[in-house]
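The following account is intended for a reader who meets this structure for the first time. It proceeds from the chain as a whole to its helix contacts, and then to individual residues.

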Amino acid sequence: MGMIVEVENIDEDDDVLIPPPNFSMVEDCIYRSSLPKPSSFPFLQTLNLRSIIYLCPEPYPEENLDFLKEQNIRLFQFGIEGKTEVSLPALRDSIMEALKVLVDVRNHPILVHCKQGKHRTGCLVGCFRKLQNWCLSSAFEEYQRFAGVKSRAADLTFIERFDLVSLRQCLYSIIYQYQGASKKRRLMYQDENIQKPRLTSF
């Protein structure tokens, strides 16, 4: 027997917080999702975001830029094409630069997203998991959980072959910081002269 919901007493002013599709916490103060729509802005406000990593080449929507300006959120954009066949050197370089932003605690709390929060976001998170010393099977399972039936073998191969030695060489200037009572290890830049991604200034 179906349940009848009484709606007469619902306050029309009650705010319903709606996260973007494919939203999830990656790590403390690191989140992932699809491209947020205005209906998700009130939810994003609760995260107290400091930065957003946007992994698409298309211009960021004007209404999203207005929201970022209002909330004083910094936008880092890395233009990764969404096609199945992507230039591997270009993809590797973009992921490498995005990881540098991602591990810098001065950018936290931070949200990572592309359009659907599946392939490009999945590649970045998968490489981040390798940096965290996750086993490949666990990193692949996480990727596939978000990509679903649209999982791409090329993405999994990219994650598997992503060169952590090169990454660590690029992050030679990163220092470890211990914050909070948990003494949780964090990564943060020491060198201010590294190559910067394209970002939006308000």
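Of the contacts in the chain with a separation of 6 or more, 64% are accounted for by residues 24 or more positions apart. The model that shows these contacts is a predicted one. Its chain contains seven helices and eight strands. Of the 202 residues, 44% are buried. The accessible surface of the chain amounts to about 11700 Å², and carbon and sulfur atoms contribute 50% of that area.

The helix contacts may be approached through helix H4, which spans residues 119-131. Its first partner in this account is helix H5, formed by residues 136-147. The axes of H4 and H5 come within 9 Å and cross at roughly 160°. Because angles over 145 degrees count as roughly antiparallel, H4 is roughly antiparallel to H5. The crossing in which H4 passes H5 is right-handed. On the H4 side, the contact is made by His119, Gly122, Cys123, Val125, Gly126, Arg129 and Lys130, while H5 contributes Leu136, Ala139, Glu142, Tyr143 and Ala147.

Glu141 also belongs to H5. Is this residue buried, partly exposed or exposed? With a relative accessibility of 43%, Glu141 counts as partly exposed, because that class lies between the limits of 20% and 50%. A distance links Glu141 to a residue of the preceding passage: the C-alpha atoms of Glu141 and Gly126 are separated by 9.7 Å, and the two residues stand 15 residues apart along the chain.

Helix H6, made of residues 153-161, is another partner of H4. The axes of H4 and H6 come within 9 Å and cross at roughly 25°. Since angles under 35 degrees count as roughly parallel, H4 and H6 are roughly parallel to each other. H4 passes H6 in a right-handed crossing. The residues of H4 that take part are His119, Gly122, Cys123, Gly126, Cys127 and Lys130, and they meet Asp155, Phe158, Ile159, Glu160 and Arg161 in H6. His119, Gly122, Cys123, Gly126 and Lys130 of H4 thus appear in the contact with H5 and in the contact with H6.

Helix H3 comes next. H3 and H4 pack at an angle of about 65°, and their axes are 10 Å apart. Their crossing is right-handed. In this contact, Ile95, Ala98, Leu99, Leu102 and Val103 of H3 meet Cys123, Leu124, Cys127, Phe128 and Leu131 of H4. Cys123 of H4 is therefore listed in the contact with H3, having also been named in those with H5 and H6.

H3 runs over residues 88-103, and Ser94 is found in it. Ser94 is buried, its relative accessible area being 17%, because the limit for a buried residue is under 20%. When residues up to four places away in sequence are not counted, Ser94 touches Phe78 and Ile80.

The loops offer several details of backbone geometry. Most residues other than glycine have a negative phi, and most peptide bonds are trans. Against that background, the bond that joins His108 and Pro109 is a cis peptide bond, with omega at about -5°. Pro109 lies in the loop between H3 and strand S5, the latter covering 110-113.

Where do residues other than glycine with a positive phi lie? Asn48 is one of them, with phi near 55°, and its place is in the loop between helix H1 (41-45) and strand S3 (51-54). Asn72 is another, with a positive phi of about 60°; this residue is in the loop between helix H2 (62-71) and strand S4 (74-77). Asn48 counts as exposed at 58% relative accessibility, and Asn72 counts as exposed at 65%, because exposed means over 50%.

The cysteines complete this account. A disulfide is a covalent bond between the sulfur atoms of two cysteines. How many disulfides does the structure hold? The structure holds zero disulfides. Two of its cysteines may be described by their accessibility: Cys29 is partly exposed, with a relative accessible area of 23%, and Cys135 is partly exposed, with a relative accessible area of 43%. Cys123 and Cys127, for their part, take part in the contact of H4 with H6.

Definitions and conventions:
Residues are numbered from 1 along each chain as its sequence is written. This is a predicted model: local features need pLDDT of at least 70, side-chain atom pairs count only at pLDDT 80 or more; totals for chains, interfaces and linings use all residues. Side-chain values use heavy atoms; hydrogens and water are left out. Helices (H or I, at least four residues) and strands (E, at least two) are DSSP runs, numbered from the N terminus. Buried means under 20% relative accessible area, exposed over 50%, partly exposed in between (1.4 Å probe, protein chains only). Contact means heavy atoms within 4.5 Å. Accessible areas come from the Shrake-Rupley method with a 1.4 Å probe; for residues, only the protein chains shown count as cover. A disulfide is a pair of cysteine sulfur atoms within 2.5 Å. Axes are lines fitted to C-alpha atoms, for helices over the stretch in contact, and angles run from 0 to 180 degrees between N-to-C directions. Angles under 35 degrees count as roughly parallel, over 145 as roughly antiparallel, 65 to 115 as roughly perpendicular and the rest as oblique. A crossing is left-handed if the near helix is turned anticlockwise from the far one by less than a right angle, and right-handed if clockwise.
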